[in-house]
Amino acid sequence: MILYFSGTGNSKYCAEKIASKTNSELRSINNMMREQAAEIDAKESPLLGFICPTYDFDMAYAVAEFLDNLVIKNISDNCYVFALFTCGKSCGTAEETMKSILGKKGIALNAAFKVEMPDNYIPMFPLAEKAEQTRMLENADICLHDVMESIEARKHTTIETKQMPAPMKFLIKKIAVPGQRKATKNFWVNENCIGCGLCADICPKNLIHLQDGKPVWTKDDCACCLGCIHRCPKQAIQYGKKTEKTGRYTNPNVDL
């Protein structure tokens, strides 16, 4: 069984590739969040994988919270447990966070991997040019091939990363990551909105609703996936002051 969380398709693409290669059941954490599903049965699963993006050099806050509350039933002692993190460059402390979450459930993380893919946090960074995005996605496929070989061989491995300075780790854990929850205050919509409701339909936290035909963000409990802003068909949804002048990104190799 493979559980994945994805806002713009990068992690979904990795999850679909690995699930196909390993003949594994695929479960969307986004859908589980929307449906408030909080339990899985891993009885028939020879492997259990978790695939998600990294935000602020750690696991996405909403995913960490979801997994912390997830009940995992009937997992075998022989089940191979792995995590894969998609990122622009560094996963930071994501592996450490995942180990901690699973450890509290008595589950060991056998392997962790990272796959570098186009960064799409447009409130802060500009999107890479199309040619660079293509290059990164081609390299991601090469990396994924190696990851799938490692998973099939049941290799135990960790992500090679530089040790993060303690002050930075503190700021990430105590300020940046929890701050993702309050991202709703930065969203707004311009006159291009056609009231299609796609943003409300895909929000993993069910916090977007249409009011007078326009989306409103109703509470500070954001997953910070930016799915609403990147997948808006009219680029009407904005975040802060910069995104009206930026492009949008979704993984071109996956259906969203």
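In this predicted model, Met117 touches residues from several stretches of the chain: leaving aside its neighbours within four places in sequence, its contacts are Asn10, Tyr13, Cys14, Thr86, Cys87, Gly88, Met136, Leu137, Ala140 and Asn251. Met117 itself sits in the loop between S8 and H5. Its relative accessibility is 1%, and because buried means under 20%, Met117 counts as buried. A separation of 9.1 Å lies between the C-alpha atoms of Met117 and Ser11, although 106 residues part the two along the chain.

Several of these partners lead to helix H5, which covers residues 130-152. The 23 residues of H5 reach 33 Å from the first C-alpha to the last, close to the 33 Å expected at 1.5 Å a residue. Met136, Leu137 and Ala140, each in contact with Met117, are among the buried residues of H5, which also include Gln133, Leu144 and Ile151. The buried residues of this helix pack against helix H1 and strands S4, S7 and S8. Just after H5 comes Arg154, with a positive phi of about 55 degrees.

Helix H1 (10-22) belongs to the same picture, as one of the elements packed against H5. With 13 residues, H1 reaches 19 Å from its first C-alpha to its last, close to the 18 Å expected at 1.5 Å a residue. Its buried residues include Asn10, Tyr13 and Cys14, three contacts of Met117. The cover over the buried part of H1 includes strands S1, S2, S4, S7 and S8 as well as H5. Asn23 follows H1 and has a positive phi, near 55 degrees.

H1 also holds a salt bridge, in which the side chains of Glu16 and Lys12 meet at 4.0 Å, N to O. The two residues are 4 apart in the helix, about one turn. Lys12 is buried, with a relative accessible area of 16%, whereas Glu16 counts as partly exposed at 31% relative accessibility.

In total, the model has 11 salt bridges. Another joins the side chains of Glu39 and Lys73 at 3.5 Å, N to O. Glu39 lies in strand S3 and Lys73 in strand S6, so this pair ties together parts that are 34 residues apart in sequence. Both count as partly exposed, Glu39 at 45% relative accessibility and Lys73 at 34%. Arg181 and Glu65 form a further salt bridge, at 2.6 Å, N to O. This pair links distant parts of the chain, 116 residues apart: Arg181 is in the loop between H6 and strand S9, and Glu65 is in helix H3. A network of salt bridges links Glu65 and Arg181 with Lys205 and Asp221.

On the surface, Phe170, Leu171 and Ile175 make a nonpolar patch of about 320 Å². Ile175 belongs to helix H6 and is exposed, with a relative accessible area of 53%.

Stepping back to the whole protein chain, there are 8 helices and 12 strands. Its radius of gyration is 18 Å, which agrees with the value near 18 Å for a compact globule of 256 residues. The C-alpha atoms fill a box of roughly 55 × 40 × 40 Å along the principal axes. Of the 256 residues, 50% count as buried. Among contacts with a separation of 6 or more, 78% are between residues 24 or more positions apart. The chain exposes about 12,900 Å², of which carbon and sulfur atoms supply 48%.

Terms used:
Residues numbered from 1 in each chain as written. Predicted model: local features only at pLDDT ≥ 70, side-chain atom pairs only at ≥ 80, totals over all residues. Heavy atoms only, no water. Expected span 1.5 Å × (residues − 1). Buried < 20%, exposed > 50% of the residue type's maximum accessible area, 1.4 Å probe, protein only. Contact = heavy atoms within 4.5 Å. Patch = residues over 30% accessible without salt bridge, like charges linked within 9 Å, V, L, I, M, F, W, Y side chains within 5 Å. Areas by Shrake-Rupley, 256 points an atom, 1.4 Å probe, with all protein chains shown as cover. Rg over C-alpha atoms; globule rule 2.2 N^0.38 Å.
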